[in-house]
Amino acid sequence: MSNKVHLEEVNIHFGKTHAVRDVSMSFPENSVTAIIGPSGCGKSTLLRSMNRMHDLVPSARVTGKILVDNGDIYGRGVDPVSIRRRVGMVFQKPNPFPAMSIYDNVVAGYKLNGRLPREEANEIVESCLKRVALWDEVKDRLKTNAMTLSGGQQQRLCIARTIAVKPEVILMDEPASALDPISTLKIEELIEELKTRYTIIIVTHNMQQAARVSDYTAFLYMGDLVECGETKKIFTTPEQKRTEDYITGRFG
Amino acid sequence: MLTDSTGAQHSRQRDLASETALRGTPETENILQTVTKREKEQAKGMKGDLVFRYLTTCFAFSILAILALMLYEMTGESMPSIRAFGWKFVSSSDWDAVQGVFGALPYLYGSVVSSVLALLLATPLSIGAALFITEIAPARWGTIIAPLVELLAAIPSVIYGLWGVLVMAPWLQSTVQPFLIEHFGFIPLFQGAPYGVSMLAAIFILMIMVVPIITSITREVLLAVPLSQKEAAIALGATRWETIKMAILPYGKSGILGAAILGLGRAIGETMAVTMVIGNAPNISLSLLSPAYTMPSVIANEFAETTSKLHGSALMEIGLILMVVTLIVNGLARLLIWSVSKSANGGAA
């Protein structure tokens, strides 16, 4: 399996804070990689560097190389907007656009490409909502406001909105941490289903979740990448003492 | 057995201790005194709290009382005029103090046209300025520009008026109005002679005066848009402008509308600056170049020389109409702005 995303000596600073130190690792294509670690270890920061979300923060500085399909996304002349279309993102708190209907939310990103014929839009809405298993729940009320959905439904809508743009990589920043157990289960099933088409990188502070959904796991601690490898191996025979301490719940 | 005896020992020790306390050594007397003293002070403090509470309640209600009293008083004073003219007061253009006939239509027309057109010009300008401050300018610029904009709102209106009548009106007369007549004279809005002082001058002055208010409130509304909304748009590959269009403006829509309506309230009530530049002629003319008159202006110009009781009552009725309109407009604006900040807070929870 080839590597979709590759990090080389990535360092991230916020002002004087050194949030991520010398992280080098790879994310194989069509697989799920979980980034775990205690709060404040830099996992979300690392994730957000992969679609240049830090560009919005004036004090943030990213150095090193982040390659997507062997192209450096921080390279000279690379348009961050085009990167974000290839590397989509799902956030911790469901954030559908409150002024839009369910339908309009799904095509919100896709519409940015230009004029969207009605039929094509209908197709995209149906296929994306089907893929996130929301179609049957909302097909009769596509024109109602997105805020009428439950939290779990909203999050699946956000995932539908993300995949409508046809990204290659999907970053998920604790996508289920604001949801109840049943909604969480649905999101996890969805991740399993989505990895056949996309490369998924998920940040989670829930180790059971990481064990359940991911093929590979990276353990980050205080900005350092302690260990990464196949999830099965990380959770059964970790090489580092710190990894073992963390996954057995001795700290964190 | 052992535990029993130790338990008994403990309770005996406790008894001893309480006995000593009751016996009243000088120290315990002292302590008792300070305790009662503190209790007294506390009681006094509670009484103070109560007084403070009633006092502030009175102050708060006195404001409402003033408003109610004013409405009552103004309605009472307007009664002679209301009885004499009824609805004709707002539908007739005859305003003749000598004959004792009063119709306020030209003033209503002047107020509505000048403030609405000023608002139409000011709102896009203000939204643009607020977007620049919150979204586009570097953070440091924003913190410099925002207070400056609010400072503009604090300039006394007579200064705007003075500048308007001495600088802007002559410029309008010599440059802008001849240009409009020459090139757009076929539109009824721009027909007639260039007077300088005119409806157009009032519209410009009002526009300049309401831009700071609308800008600073719109800025607050835009700042209330949660970061998660912006991030949602950006993560979908939206450019800065697309983010504004897709996430920021729709979220703040009703608040921005509220800001504009608040500006309208300010424009309708504005007296001094408008009186100085509008020309004070009770015309109803489609042309923006001709002088006009507004409700606040006629009150300010005529209150000192009322010729009859009915004249005074007619001015009072104009005042009543003005007050009710501004109250409604402001109430509506507050409601809209409140709905945005409420949903923003709800979203954060």
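Okay, a definition to start: helices and strands here are DSSP runs, at least four residues for a helix and at least two for a strand, and they're numbered from the N terminus. With that in hand, you can read chain B along its sequence as α-α-α-β-β-α-α-α-α-α-α-α-α-α. And just so everyone knows, this is a predicted model.

So, chain B. The count is 12 helices and 2 strands. How many of its residues count as buried? Of 349 residues, 36% do. Now look at contacts in chain B with a separation of 6 or more: 76% of them come from residues 24 or more positions apart.

Let's zoom in on one pair of helices. In general, two packed helices are described by the angle between their axes and the distance between the axes. Our pair is H4 of chain B, residues 105-136, and H9 of chain B, residues 240-269. Their axes come within 9 Å and cross at roughly 140 degrees. Parallel, antiparallel, perpendicular or oblique? Roughly antiparallel would take an angle over 145, so H4(B) and H9(B) are oblique to each other. As for handedness, the crossing of H4(B) past H9(B) is right-handed.

Which residues meet there? On the H4(B) side, they include B:Ser111, B:Ala118, B:Leu119, B:Ile127 and B:Glu135. On the H9(B) side, you'll find, among them, B:Ile244, B:Ile256, B:Gly263 and B:Leu264. Sort the residues of this contact by class and you get 12 nonpolar, 4 polar and 1 charged.

Over to chain A. Here we have 10 helices and 10 strands. Along the principal axes, the C-alpha atoms of chain A fill a box of roughly 55 × 45 × 35 Å. Is that chain compact or spread out? Well, a compact globule with 252 residues would have a radius of gyration near 18 Å, and chain A has 18 Å, so the two agree. Buried residues make up 47% of those 252. And if you take contacts in chain A between residues at least 6 apart in sequence, 67% join residues at least 24 apart.

Last bit: how do the chains meet? On chain A, 20 residues are in contact with 17 residues of chain B. Two elements of chain A give two or more residues to that side, helix H2 (80-86) and strand E6 (87-90). H2(A) gives the most, with 3 residues. By class, the side of chain A that touches chain B has 12 nonpolar, 4 polar and 4 charged residues.

That's it from me, thanks!

Technical notes
Residues numbered from 1 in each chain as written. Chains lettered and ligands numbered in written order. Predicted model: local features only at pLDDT ≥ 70, side-chain atom pairs only at ≥ 80, totals over all residues. Contact = placed C-beta atoms within 7 Å. Nonpolar A, V, L, I, M, F, W, Y, C, P; charged D, E, K, R; others polar. Buried ≥ 20, exposed ≤ 12 C-beta atoms within 10 Å, placed from the backbone. Axes fitted to C-alpha atoms, helices over the stretch in contact; angles between N-to-C directions. Parallel < 35°, antiparallel > 145°, perpendicular 65-115°, else oblique. Left-handed = near helix turned anticlockwise from the far one by under 90°. Rg over C-alpha atoms; globule rule 2.2 N^0.38 Å.
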